[in-house]
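Please work through the exercises below with the sequence and the coordinates at hand, trying each task before reading its solution.

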Amino acid sequence: QVQLVESGGGLVQPGGSLRLSCAASGTIFSIYTMGWYRQAPGKQRELVASITSSGSTNYADSVKGRFTISRDNAKTTVYLQMTSLKPEDTAVYYCHGGNTVTWWDDFRGQGTQVTVSS
């Protein structure tokens, strides 16, 4: 049974920073593509960033230059460092992972709330 558990969300002022973590268990983490999705109220879930098993990264245009995804295979954890946060970044952030073509559908966590507000 694969489990993904997110942490690190919270309330932050515009311009602030947060680091999200996603700890994986029950899997060979190093071969998985991992990613962060987010869903704001009334909107569809969207891909924020992803990282392959070899370390290649991909970002949504809206977060390029502000967010950084990374992974620590020894700790079976993926991170999302978020800087220069904006109110429009407010959403529930979900960790997804897998080793199939549709990796985003393989496994996902329960989500962590990020609220950017003054």
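The exercises that follow concern a predicted model, and each task is followed by a worked solution.

**Exercise 1. Characterise the disulfide.**
Identify which cysteines form a disulfide, and determine its handedness and which elements it ties together.

*Solution.* Begin with the sulfur atoms: those of C22 and C95 are 2.1 Å apart, which is within the 2.5 Å cut-off for a disulfide, and the count by this rule comes to one. Next, take the torsion about the S-S bond, which is about -80°, so the disulfide is left-handed. Then place the two residues: C22 lies in strand 3 and C95 in strand 9, so the pair ties together parts that are 73 residues apart in sequence. Finally, check accessibility, by which both C22 and C95 are buried.

**Exercise 2. Trace a salt-bridge network.**
Starting from D89, establish whether this residue is buried or exposed, find its salt-bridge partner, and state which residues belong to the network.

*Solution.* First locate D89, which lies in the loop between strand 8 and strand 9. Its relative accessibility is 0%, and because buried means under 20%, D89 counts as buried. Second, list the contacts of D89 beyond four places in sequence, which are R38, R66, F67, S84, V114 and V116. Third, look for the charged partner: R66 forms a salt bridge with D89, the closest N and O atoms being 2.8 Å apart. This pair links distant parts of the chain, since R66 is in the loop between strand 6 (57-59) and strand 7, 23 residues from D89, and both R66 and D89 are buried. Fourth, extend the search to R38, which forms a salt bridge with E46 at a closest N and O separation of 2.7 Å; here R38 is buried, with a relative accessible area of 5%, whereas E46 is partly exposed at 34%. Salt bridges that share partners thus join R38, E46, R66 and D89 into one network. The structure holds four salt bridges, among them that of K64 with D61, at 3.1 Å between the closest N and O atoms, where D61 is exposed with a relative accessible area of 65%.

**Exercise 3. Describe the largest nonpolar core.**
Determine which residues touch the most other members of the largest nonpolar core, and which strand gives the largest share.

*Solution.* Start from the membership: the core has 29 residues, of which M34, W36, V78, L80, M82 and Y93 touch the most other members. Then assign elements, noting that strands 3, 4, 5, 7, 8, 9 and 11 each give two or more residues, and that the largest share, four residues, comes from strand 3. Lastly, inspect L80, whose contacts beyond four places in sequence include L18, L20, W36, V48, F67, I69 and Y93. As background, nonpolar side chains tend to be buried together in soluble globular proteins.

Methods
Residues numbered from 1 in each chain as written. Predicted model: local features only at pLDDT ≥ 70, side-chain atom pairs only at ≥ 80, totals over all residues. Heavy atoms only, no water. Core = buried A, V, L, I, M, F, W, Y, C linked by side-chain atoms within 4.5 Å. Buried < 20%, exposed > 50% of the residue type's maximum accessible area, 1.4 Å probe, protein only. Contact = heavy atoms within 4.5 Å. Salt bridge = Lys/Arg side-chain N within 4 Å of Asp/Glu carboxyl O.
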